[in-house]
Amino acid sequence: RESDHRAWTPVSYTVTRQNAVVQGLTEGKAYFFRIAAENIIGMGPFTETTKELIIRDPITVPDRPEDLEVKAVTKNSVTLTWNPPKYNGGSDITMYVLESRLIGKEKFHRVTKEKMLDRKYTVEGLKEGDTYEYRVSACNIVGQGKPSFCTKPITCKDEIAPPTLDLDFRDKLIVRVGEAFSLTGRYSGKPTPKITWLRDDIVLKEDDRTKIKTTPTTLCLGILKSVREDSGKYCVTVENSTGSRKGFCQVTVVDRPSPPVGPVIFDEVHKDHMIVSWKPPLDDGGSEITNYIIEKKDTHRDLWMPVTSATVKTTCKIPKLLEGREYQVRIYAENLYGISDPLISDEMKAKDRFSVPDAPEQPVIKDVTKDSAVVVWNKPYDGGKPITNYIVEKKETMATRWVRVTKDPIFPSTQFKVPDLLEGCQYEFRVSAENEIGVGNPSPPSKPIFARDPIVKPSPPVNPEAVDKTKNSVDLTWQPPRHDGNGKIIGYLVEYQKVGDEEWKKANLTPDSCPETKYKVTGLTEGLTYKFRVMAVNAAGESEPAYVPDPVEVKDRLEPPELILDANMAREQHVRAGDTLRLSAVIKGVPFPKVSWKKEDKEVSPKADIEVTGVGSKLEIRNTVHEDGGIYSLTVENPAGSKTVSVKVLVLDKPGPPRNLQVSDVRSDSCYLTWKEPEDDGGSVITNYVVERKDVASAQWVSVSSSSKKRSHMAKYLMEGTQYLFRVAAENLFGRGPYVETLKPIKAMDPLHPPGPPKNLHHIDVDKTEVSLVWNRPDRDGGAEITGYLVEYQEDGADEWTKFQTVPMLDCVVTGL
């Protein structure tokens with residue numbers, strides 16, 4: 001029941017334990033409780049709580065403090081901070097207990113006996129190099145709670161931290177002249193770093209306009225009323241014993257530019273316009289010049305007239321001038337931050353001073369080829385301005401339109417090789433000069449020229465020599481000249497001179513009578529010695545002569561025969577039967593030798609075609625057969641000697657028939673064949689033999705073996721009692737030769753032998769004139785069925801046996817005894 005009510009409210013009727021949970025109570029109110037025991041007889045008396053109970057959460061010790069951190073460490077102190085526990089146990093925290101443990105010891109010891117409520121404490125009086133770990137507990141009215149999680153082991157030593165630097169400014173800073181600016185940031189480091197400010201690598205110091213402020217964690221540089229000279233690369237250095245950090249900022253103090261640099265130069269002056277130029281300002285104010293403002297003024301008037309305010313070039317055309325008037329020009333430079341003071345020019349009168357160049361004189365054409373020509377001209381008057389280019393033009397003589405020969409500039413050369421002419425066409429050329437003012441008038445056209453290669457005399461013939469001679473002639477040969485002079489060689493002139501004479505005589509009168517690179521000089525006198533020379537001729541004339549190196553004595557030459565064998569005259573020549581045999585050789589000798597072909601020292605076959613020419617000989621046999629093989633010899637002979645060469649010719653053909661075919665060891669299902677190799681193997685090794693058989697009643701031959709390399713074969717799988725014929729042929733690389741056949745058929749059957757003796761002969765009955773005999777069949781029948789038994793008897797003591805009779809059965813009664 002509530003303390004201020006008298007009525008009791010039941011909580012539970014079914015509690016069998018010695019405890020119960022009362023729910024549905026209101027926090028802050030006071031209650032009394034009572035309890036009675038009950039059995040099957042009934043309920044006993046109630047027992048009541050002696051005093052009221054106020055409903056509220058139970059008070060416990062606080063939770064463990066959180067976030068215990070080490071904030072600073074020196075060689076003899078440690079500074080710690082922490083946060084309160086998440087739950088204070090239902091009662092305010094009354095104090096914190098900080099404990100430490102020396103690493104290596106087991107127990108924690110309280111650091112201080114003072115009542116600590118601050119959540120920060122510096123433990124002092126520690127020994128340098130010792131290592132501790134710390135924990136902290138919270139206390140309330142109930143007691144001390146669980147300790148926090150321990151710190152990591154902390155060694156007492158002075159903290160060293162490399163510098164850090166956090167800047168509040170960017171890499172670049174632009175400031176107007178007169179304004180102030182500052183560079184700020186934060187830094188840290190242990191031991192405390194040294195701060196240094198530099199501009200363009202020069203250390204900055206405080207003065208009236210430069211202020212430097214440094215706190216333990218911040219740094220600042222301030223510049224008051226900045227000037228252009230304050231521009232530069234600023235650097236702050238944070239440095240201690242562990243290292244350094246740097247921060248940079250490119251500061252540009254900007255202003256309007258200084259005036260353009262004079263004097264104003266009048267590059268061109270004309271009656272209606274001028275072109276002026278100047279130099280940029282020495283100081284652009286720290287910002288790129290965006291444009292120049294140009295104005296002009298007639299010196300007789302006070303009014304400045306604008307020309308342009310939108311040019312970044314340092315040159316400008318001043319237009320719309322009146323001829324003969326004097327003018328001044330003034331120029332301002334402008335950047336993003338303002339306009340400079342002006343640059344004012346001297347006075348200048350508007351009148352023409354320059355013109356385009358004059359026309360060059362008529363050009364001269366030289367070095368003409370089929371597709372190019374060189375145009376040459378003299379430099380004309382340049383009109384007061386330097387010539388910058390020449391323009392060369394061409395046209396075909398019959399055409400009306402001039403065409404520029406190149407788009408590329410031609411300068412300073414006063415000649416140009418014109419390419420891409422069409423061979424055979426006639427061309428004219430003209431030249432114009434160009435300067436800054438423009439292009440002058442063209443020159444008069446050149447004299448017409450035809451585009452074709454110039455023809456000059458050829459170079460001399462090459463390597464003339466005497467290659468043959470007789471008693472009244474000499475044969476000369478040479479090679480064409482190396483250069484034909486760009487003209488076709490019409491022919492050659494040949495001259496000769498008797499040794500001792502001065503006069504050269506012509507062997508031929510006109511070059512076209514000797515178009516080839518050889519000539520036979522005739523009409524010479526036997527026994528005399530001559531010199532020879534040759535000249536090449538084209539449309540431009542005769543070349544220099546080329547001389548035969550040595551004088552030549554005119555007489556018949558005598559040279560022993562010489563044979564130069566062709567490839568088909570190797571030591572051994574193989575020809576397939578049916579192909580054509582060709583033997584040939586080149587023959588030399590003076591006089592030309594007599595030629596004779598032999599085979600095995602006999603005349604060659606009439607079917608051979610023999611051809612003899614002035615340079616060699618050839619033997620040819622078509623449709624060769626095996627008999628055409630043998631040793632062929634070629635003999636050449638003249639008065640100076642003779643020479644013979646031989647070649648072994650093998651006509652490769654199919655082999656001949658095998659010899660001496662024999663059949664032996666005939667059985668009911670096989671027989672054994674033997675033979676000898678053919679007399680003629682066709683010039684090639686026999687690779688295998690082909691064996692065939694034929695039933696005499698059949699017209700068709702059947703293969704027994706086609707790959708036998710031996711000269712014998714066991715013919716198997718015969719039909720017993722059948723008569724067979726056999727034949728064998730030899731094969732080589734060039735085919736199969738003719739067959740050799742057995743002369744008579746062979747019957748497939750086993751050979752016959754006499755039967756063995758009957759066995760177990762004995763009598764079964766005896767009478768006075770006869771005996772009954774029985775016996776058993778013999779062990780072997782000799783290869784044929786037994787047709788009967790011959791019974792003989794012999795009287796005891798006699799020498800001979802007497803035939804009784806032949807019986808078919810295994811018994812017999814011998815009578816007449």
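This text goes through a predicted model, from its annotated domains to its core, its pocket, its cysteines and a few backbone features.

The unreviewed UniProt entry supplies two kinds of domain annotation. The feature "domain: Fibronectin type-III" is placed at residues 1-58, 64-159, 259-353, 359-454, 460-557, 657-751 and 757-817. The feature "domain: Ig-like" covers residues 163-252 and 561-646 in the unreviewed entry.

Some of these spans can be described from the coordinates. Residues 64-159, from the Fibronectin type-III list, are 0% helix and 41% strand, with end C-alpha atoms 29 Å apart. Residues 657-751 are 0% helix and 49% strand, and the C-alpha atoms at the ends of this span are separated by 31 Å. For the Ig-like annotation, residues 163-252 come out at 0% helix and 64% strand, with 28 Å between the end C-alpha atoms. Residues 561-646 are 0% helix and 62% strand, and their end C-alpha atoms lie 16 Å apart.

The largest nonpolar core has 20 residues, of which Leu583, Trp597, Leu619, Tyr632, Leu634 and Val649 touch the most other members. Two or more residues of this core come from each of strand 48 (581-590), strand 49 (594-599), strand 52 (616-621), strand 53 (630-638) and strand 54 (641-652). In soluble globular proteins, nonpolar side chains tend to be buried together. Tyrosine 632 shows the surroundings of one core member. Beyond its neighbours within four places in sequence, tyrosine 632 is in contact with Leu581, Leu583, Lys598, Lys599, Val604, Leu619, Ile621, Val645, Ser646, Val647 and Val649. Among these contacts, Leu583, Leu619 and Val649 also belong to the group of core residues that touch the most other members.

Phenylalanine 726 is another residue to follow. Its place is in strand 60 (residues 723-732). Phenylalanine 726 counts as buried because its relative accessibility is 1%, below the 20% limit. Setting aside residues up to four places away in sequence, phenylalanine 726 touches Leu661, Cys671, Leu673, Glu692, Arg693, Trp701, Ala715, Leu718, Val740, Glu741 and Thr742. Phenylalanine 726 and valine 111 are 615 residues apart along the chain, and their C-alpha atoms are separated by 129 Å.

The largest pocket has a volume of about 1000 Å³. Its lining consists of 31 residues, and the closest to the pocket centre are Pro10, Val11, Ser12, Arg34 and Ile35. Strand 2 (34-38) and strand 3 (43-48) each supply at least two residues of the lining. Strand 2 gives the most, with five residues.

The cysteines come next. A disulfide is a covalent bond between the sulfur atoms of two cysteines. With a cut-off of 2.5 Å between sulfur atoms, the count of disulfides is zero. For cysteine 220, the closest cysteine sulfur is that of cysteine 249, and the 13 Å between them is too far for a bond. Cysteine 249 is likewise in no disulfide, and the cysteine sulfur nearest to it, in cysteine 235, is 11 Å away. Are cysteine 220 and cysteine 249 buried or exposed? Cysteine 220 is partly exposed, with a relative accessible area of 23%, whereas cysteine 249 is buried, with a value of 1%.

The backbone has some features to check by eye. Most residues other than glycine have a negative phi, and most peptide bonds are trans. The bond joining glycine 262 and proline 263 is cis, with omega about 0°, and proline 263 is in strand 21 (residues 261-269). A cis peptide bond also runs from phenylalanine 411 to proline 412, with omega near 5°. Proline 412 lies in the loop between strand 33 (403-404) and strand 34 (415-418).

Two residues other than glycine have a positive phi: lysine 225, near 45°, and aspartate 665, near 55°. Lysine 225 is in the loop between strand 18 (218-223) and strand 19 (232-240). With a relative accessible area of 63%, lysine 225 is exposed. Aspartate 665 is in the loop between strand 55 (659-664) and strand 56 (671-676). Its relative accessible area is 42%, so aspartate 665 is partly exposed.

How values were computed:
Residues numbered from 1 in each chain as written. Predicted model: local features only at pLDDT ≥ 70, side-chain atom pairs only at ≥ 80, totals over all residues. Heavy atoms only, no water. Buried < 20%, exposed > 50% of the residue type's maximum accessible area, 1.4 Å probe, protein only. UniProt positions renumbered as here; feature names shortened; annotations may be inferred. Helix = DSSP H or I, 4+ residues; strand = E, 2+ residues; numbered from the N terminus. Core = buried A, V, L, I, M, F, W, Y, C linked by side-chain atoms within 4.5 Å. Contact = heavy atoms within 4.5 Å. 1 Å grid on protein atoms, 1.4 Å probe; cavity = no way out; pocket = protein on both sides within 12 Å on 5 of 7 lines; lining within 4 Å. Points joined across faces, edges and corners; volume = space filled by probe spheres on them.
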